[in-house]
Amino acid sequence: MLCSRLTNANIVTMDPDRPAARDLGIWRGRIVGLDEAVTSLPAREVVDLQGATVLPGFIDSHVHLAWAGLKQSIPSVAPCERVEEVLAAVAEAASRTGGPGDWVDVMGYDQRALGRHLTAAELDEVSHGRKVFLMHDSGHGCVVNSAVLDLLPAELPHQGGFLAESAMTAARRLRLPYAQADIADAVERAARTCLAEGVTAVAEAGIGGGLLGHSPVELGAYQHLRDQGRLPLRVQLMAAGDTLRPRDAHRADGFARALDLGMRTGFGDDWLSLGALKIYTDGGMMARTAALTAPYAGMDHTGQLQDDPEALTRLIVDGHLAGWQLAVHAIGDRAADLALDALERAQHLLPRPDARHRIEHAGLIRPDQLARFASLGVGAVVQPTFLYSFGDDYADVMGPERAPWMYRGRGFLDHGVPLVGSSDRPVTDGAPLRAVQFMVERASASGRRIGPREAVTVEEALHAYTVAGAYACRWDDSAGSLTPGKRADLVVLGDDPRHVDHSRIGGIEVVATFVDGQEATKAGKL
């Protein structure tokens, strides 16, 4: 007997061998058959979907669940657009947080709306004796007050209190990590938001590290959720590159750095596992720290790398030699050059044809770099919604020649490069359907077309959030398509994205999300 059967549905399987169906049978969390293979079988529950569209559950291959959940509960200065408004919001948060000498966290900072960065002196006026940490929305910078600067080395670079990249990491390390219980609560909040948008599995992009990690024992928070039955979707964890340490392993093992006990990509189960090793090479476009080969338009700098190029290369090579799949953060084209060179060196030293290394973001990729992605078998994990949310600004700072190279779609596909969709939640909107709409339209929120030749079809965009996501996360044997034998993770939509006007795709209703064959979005579960 089947556990359940979905019937009278428009099932889009994303499996080229069986692209469509009307019925789908589920037994013990797995898909056991389609249409004639299951229509006559008894089932404990029969769900008539009345013609609704069913797709594989969306896979978001690059998110920050803990950060997203914390952002929902921490005071924010968004959407303030004047310095006075931001300072007033910080003053309010400081007055409500602990006492003098305590830390006050504030989220939502973005200097672009203000026309300049805030300064430590300005924060001093409203901090009420607290240590202020004002987090930049990109995750690559912060503004702190003098109480924090006084605790940092005098030679640490900053711009009047704005700390970028490794300087921000130094400030974060001044304070106690978040408690595992607080991280777990934040992850659960963010995960339920993902479920409501049709996402059934995610890759958490960097735990335990200095830039965006929340604790050196962060993995334990996810284990707590798993043990308590509170992990509502599947999570793959990327360990931050700086969590690797020199290890005195046997020389026959062939590697110099590893996590404790030699854990690496693949450890875990269907619900919680270790994924790729996350390595940062540069910053972000929003903070103007993405590493470019030519200056930002109207500026006199080219961003920055996270470390000495040779040190970054050694880390990438060491991760490869230790058996990790690598997820290399590279937004600017200069950072992408470094990442591709390092991956080529690593594969030369130890060929691993199915390593499935990824470049995260691939925000600005020159035409000559596309063939290198393909020749190295490297996937591109992009965030299409960045250009919807920030496209006008990004296009301006890249200039007319480079703007069409941002967050490519068609260029990757035409070169045979796996195109993988993701959100980088909470940097911007995480809803996959809105990202699919942008991938097809290539239009920012203002309607500005950005690199229209990089547009893809609706089917290709859906592939990026299902089949390609599963491949990038090494889940292709169990997820990404509605194929017998795979997990019964699926999303029910109020309309078919392939058959509505492109402008309506982002607004399609997510009727229900199923994980392991169970509806995870029933009333009371979200």
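Helix H8 is the biggest contributor to the lining of the largest pocket, handing over 4 residues. The model is a predicted one, and in it this pocket has a volume of about 1,000 Å³. Its wall is made up of 42 residues. Right by the centre sit Gly208, Ser215, Pro216, Val217 and Glu218, the lining residues that lie nearest to it. H8 itself spans residues 219–227. Other elements pitch in with two or more residues as well: helix H1 (65–73), the strands E9 and E10, strand E14 (234–240) and strand E17 (272–280).

Two of those lining strands, E9 and E10, turn up again in a sheet. Here 4 strands line up in the order E9-E10-E11-E12, giving an open sheet with mixed pairing. The ends of the row are E9 (103–109) and E12 (162–164); each has a single partner strand, so one side of each goes without a neighbour in the sheet. Going from strand to neighbouring strand, the average turn is 25°, with direction ignored. As for E9 and E10 (residues 131–136), the two run parallel and are joined by 5 bridges. One bridge can be picked out by name: Trp103 has Lys131 in E10 as its partner. In a regular strand, side chains point alternately to one face of the sheet and the other.

Strand E1 (residues 2–7) is another one worth a look, and it is mostly covered, with 5 of its 6 residues buried. E1 is joined to two strands, in opposite manners. With strand E6 (residues 43–48) it runs parallel, held by 5 bridges, and Thr7 stands opposite Asp48 there. With strand E4 (residues 24–27) the arrangement is antiparallel, with 3 bridges, and Leu6 faces Leu24. E4 also holds Gly25. Is Gly25 buried or exposed? Its relative accessibility is 0%, so Gly25 counts as buried, the cut-off for that being under 20%. A long way along the chain from Gly25 comes Met299, 274 residues apart from it, and their C-alpha atoms are separated by 58 Å.

Then there are the rings. The structure has 4 aromatic pairs. One of them brings Phe386 and Tyr407 together edge-to-face, at 5.6 Å centre to centre and with 75° between the planes. Phe386 belongs to helix H12 (residues 385–402), while Tyr407 sits in the loop between H12 and helix H13 (410–414), so this pair ties together parts that are 21 residues apart in sequence. Both partners, Phe386 and Tyr407, are buried. They also have company: along with Phe390 and Tyr394, they make up one aromatic cluster.

Charged side chains meet rings too. Arg175 lies over the face of Phe133, at 5.7 Å from the ring centre. Likewise, Arg234 is placed over the face of Trp271, and here the distance to the ring centre is 4.6 Å.

Methods:
Residues are numbered from 1 along each chain as its sequence is written. This is a predicted model: local features need pLDDT of at least 70, side-chain atom pairs count only at pLDDT 80 or more; totals for chains, interfaces and linings use all residues. Side-chain values use heavy atoms; hydrogens and water are left out. Two strands pair if DSSP finds at least two bridges between them. Axes are lines fitted to C-alpha atoms, for helices over the stretch in contact, and angles run from 0 to 180 degrees between N-to-C directions. Rings of Phe, Tyr and Trp (its six-membered ring) pair if their centres lie within 6.5 Å; planes under 30 degrees apart count as stacked, over 60 as edge-to-face and the rest as tilted. Buried means under 20% relative accessible area, exposed over 50%, partly exposed in between (1.4 Å probe, protein chains only). A charge sits over a ring if NZ of Lys or CZ of Arg is within 6 Å of the ring centre and within 35 degrees of the ring normal. On a 1 Å grid over the protein atoms alone, a cavity is a set of points where a 1.4 Å probe fits but cannot get out, and a pocket is an open set with protein on both sides within 12 Å along at least five of seven lines; lining residues have an atom within 4 Å of a point. Grid points are joined across faces, edges and corners, and a volume is the space filled by probe spheres set on the points.
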